[in-house]
Amino acid sequence: MNSLAVKRGARVWLVLSLLLLTACSDSAMPDVEALVYEQAKPLSDFTLQDQNAQPVTKQTLQGQWNLVFLGYTSWPNICPLTLAKLNGVYKALKDEYPLEIWFLAVDPKRDTVAKRKAYIDYFNPDFLAVSGEHKDLFPLVRELGLIYAISNSDEQEYAVDHSASIAMVDPQGAVRAIFKPEFKQGSVPLINAKLLITEFKQIADHY
């Protein structure tokens with residue numbers, strides 16, 4: 001093989017290498033603060049109930065992006081503040097992305113259908129306020145990468161410990177990312193709505 005052929009071969013290899021590097025760069029996961037799963041985590045089948053006493057299943061998650069937040073109606077600060085922020089997020093994204101906001105009520109003893117409906121209608125009647133028995137609720141929460149705990153107490157007023165993060169579920173019904181709250185001294189942990197909007201777009205556009 002003469003030197004000219006060698007040089008041409010080297011140039012071809014260089015061009016191919018650059019193209020491969022560009023392709024890899026284009027497909028790289030977005031650089032975001034959210035926890036993004038390279039392989040989405042499919043959810044198992046479940047049956048819960050929305051604020052209109054209608055059944056909600058895994059199929060309800062499919063066909064649009066979903067943001068899922070845990071809470072309960074008796075909590076006076078994190079839950080209403082987060083839902084208010086999610087209302088702003090929803091308004092900023094809904095015209096560009098099919099999107100459903102889920103309020104997953106983890107205090108089914110007190111959060112009846114009627115109470116959930118009155119609560120969610122105050123923020124946005126288009127949102128889902130979903131709950132069910134713990135045997136159905138807890139496995140879904142765990143698969144979402146979130147957690148909650150209720151102390152065994154006979155008291156009328158009690159707190160429910162739960163994650164302040166928000167799960168992002170893709171249109172196939174699989175967990176794609178977790179948006180974590182900001183922790184600031186002297187303040188309750190809340191999501192950064194502006195950052196969530198930006199990172200939601202990056203993740204949704206990538207996948």
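**A six-stranded sheet and its two cores**

Among contacts in the protein (heavy atoms within 4.5 Å) between residues at least 6 apart in sequence, 75% join residues at least 24 apart. The model behind these values is a predicted one, in which local features need pLDDT of at least 70 and side-chain atom pairs count only at pLDDT 80 or more, while totals for chains, interfaces and linings use all residues. Residues are numbered from 1 along each chain as its sequence is written, and side-chain values use heavy atoms, with hydrogens and water left out.

The protein has six helices and 10 strands; these are DSSP runs numbered from the N terminus, with helices being H or I of at least four residues and strands being E of at least two. Buried residues make up 43% of the 207 residues, where buried means under 20% relative accessible area, exposed means over 50%, and partly exposed is in between (1.4 Å probe, protein chains only).

Now for the sheet. Six strands form an open sheet in the order 1-10-9-4-5-6, with mixed pairing; two strands count as paired if DSSP finds at least two bridges between them. Strand 1 (35-42) and strand 6 (128-130) are the edge strands, each pairing on one side only. From one strand to the next, the twist averages 25 degrees.

Strand 4 (residues 65-71) is a good place to look closer. Its partner strand 5 (residues 99-105) runs parallel to it, and the two pair over seven bridges, with F69 standing opposite F103. Strand 4 is also joined to strand 9, this time antiparallel and by four bridges. Here V68 stands opposite A167, and F69 has I166 as its bridge partner in strand 9. Seven of the seven residues of strand 4 are buried, so this strand is largely enclosed by the rest of the structure. Both of its faces are covered, with W65, L67, F69 and G71 buried on one side and N66, V68 and L70 buried on the other. That fits a general pattern: in a regular strand the side chains alternate between the two faces of the sheet.

Strand 9 (166-169) has a similar story to tell. I166 and M168 point one way from this strand, A167 and V169 point the other way, and all are buried. Four bridges join strand 9 to strand 10, and these two run antiparallel, with V169 opposite V175. Together they form a hairpin with four residues between them, and G173 in the turn has a positive phi of about 85 degrees. Another positive phi, near 65 degrees, turns up at A53, a residue other than glycine. A53 sits in the loop between strand 2 (47-49) and strand 3 (55-57) and is partly exposed, with a relative accessible area of 38%.

Next come the helices that lie across the strands. Helix 5 (residues 134-143) lies across strands 1, 4, 5 and 10 (174-179), running at about 125 degrees to strand 5; axes are lines fitted to C-alpha atoms, for helices over the stretch in contact, and angles run from 0 to 180 degrees between N-to-C directions. Helix 6 (residues 193-206) lies across strands 1, 4, 5, 9 and 10, running at about 150 degrees to strand 10.

Helix 6 also packs with helix 3 (residues 78-93), at an angle of about 40 degrees and with the axes 10 Å apart. On the helix 3 side the contact is made by K85, V89, A92 and L93, and on the helix 6 side by A193, L196, I197, F200 and K201. Also in helix 3 is T82, which counts as buried at 1% relative accessibility. Leaving aside neighbours within four places in sequence, T82 is in contact with F69, I166 and L190.

That leaves the nonpolar cores, each a set of buried Ala, Val, Leu, Ile, Met, Phe, Trp, Tyr and Cys residues joined through side-chain atoms within 4.5 Å. The largest has 35 residues, and those with the most contacts inside it are L67, M168, F179 and F200. Strand 4, helix 3, strand 5, helix 4 (113-123), strand 9, strand 10 and helix 6 each supply at least two of its residues, and the largest share, seven residues, comes from helix 3. Apart from this core lies another, of 26 residues, among them L48, L61, L104 and L140. Back in the largest core, F179 is in contact with A34, L67, S165, I166, M168, L196, E199, F200 and I203, leaving aside its neighbours within four places in sequence.
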